[in-house]
Amino acid sequence: MIPRDYITELVQRSDIVDVVQSYVQLRHRGRTHTGLCPFHNEKTPSFVVYPETQSFYCFGCGAGGDVITFIKRIENLDYIDAVKFLADRAGMKMPENDVNDAASRLRLRILEANREAARWFHSNLYTPDGRVGLE
C-alpha cells in the first residue's frame, strides 16, 4: 500500500497540464486548456484540463479524473504502475515495500517502447507515404 502523503506529494509535483501536454496538444482558453480527446476520435475539441483543480474531463466520452487517472488510461496501466510512472517522471523515489518491482519495470519498459512505436506510426500516417493507410 502506498502512503496517502506520498500520493498527495506526487500529485502536487505532477502538474496535470504538463503531463497532458506530453500526449495532447492543448490550447489555453481562459482558466482552462482544451484539446482533442486522446481516448476517442473527435474533430472538435471536447477535452478540458482544469489547472485549478488539477483535473480533466472530456465532454464527448465522459473520461475524467486526476493526473493518476489520466496516466492509467493513456498508458493502459494499473494504479500502482501509474503511480510509479509519475514518480519516475517527477524524480521521486517510490516508498519501500515487499513487492518485487522487476515485473513492473519490465512492463513499463515494454509500454514505453510501444508508446514510442505508436507515436512513430501516428506521425507517419500524416506524411504523403502514409496517406493510403490513413484513408
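1. A good place to start is helix 5, which spans residues 102-125 and contains L125. This is a predicted model, so please read the points below in that light. L125 is partly exposed, with a relative accessible area of 30%. Together with Y126 and L134, L125 forms a nonpolar patch on the surface. The accessible area of these three residues together is about 300 Å².

2. Now to the strands. Strand 1 covers residues 27-29 and pairs with strand 2 in the antiparallel sense, over 3 bridges. Within this pairing, H28 has H33 of strand 2 as its bridge partner. The two strands make a hairpin with 2 residues between them. If you look at the turn, you will find G30 there, with a positive phi of about 60°.

3. Strand 2 also pairs on with strand 3 (residues 47-50): the two run antiparallel and are joined by 3 bridges. Here H33 stands opposite V49 of strand 3. H33 is thus worth a look from both sides, as the bridge partner of H28 and as the residue facing V49.

4. Is strand 2 buried or exposed on its two faces? Both faces of this strand, residues 32-35, are covered. T32 and T34 are buried on one side, and H33 and G35 are buried on the other.

5. Helix 3 (residues 67-75) has V67, I68, F70, I71 and E75 as buried residues. Viewed down the helix axis, the buried residues fall within an arc of 160°, so they line one face of helix 3. I would note that E75 is on this buried list alongside V67, I68, F70 and I71.

6. Both ends of helix 3 deserve a comment. At the N-terminal end, D66 acts as the cap: one of its side-chain oxygens lies 3.2 Å from the backbone nitrogen of I68. After the helix comes N76, with a positive phi near 55°. N76 sits in the loop between helix 3 and helix 4, the latter being residues 79-90. N76 is exposed, as its relative accessible area is 57%.

7. Finally, a backbone point to check by eye. Most residues other than glycine have a negative phi. N76 is a residue other than glycine with a positive value, near 55°. Q54 is another non-glycine residue with a positive phi, near 55°. You will find Q54 in the loop between strand 3 and strand 4 (55-58).

How values were computed:
Residues numbered from 1 in each chain as written. Predicted model: local features only at pLDDT ≥ 70, side-chain atom pairs only at ≥ 80, totals over all residues. Heavy atoms only, no water. Buried < 20%, exposed > 50% of the residue type's maximum accessible area, 1.4 Å probe, protein only. Helix = DSSP H or I, 4+ residues; strand = E, 2+ residues; numbered from the N terminus. Pairing = 2+ DSSP bridges. Patch = residues over 30% accessible without salt bridge, like charges linked within 9 Å, V, L, I, M, F, W, Y side chains within 5 Å. Areas by Shrake-Rupley, 256 points an atom, 1.4 Å probe, with all protein chains shown as cover. Salt bridge = Lys/Arg side-chain N within 4 Å of Asp/Glu carboxyl O. Arc of directions from axis to C-beta. Polar contact = N/O pair within 3.5 Å; in protein donor to acceptor, adjacent residues only side chain to side chain.
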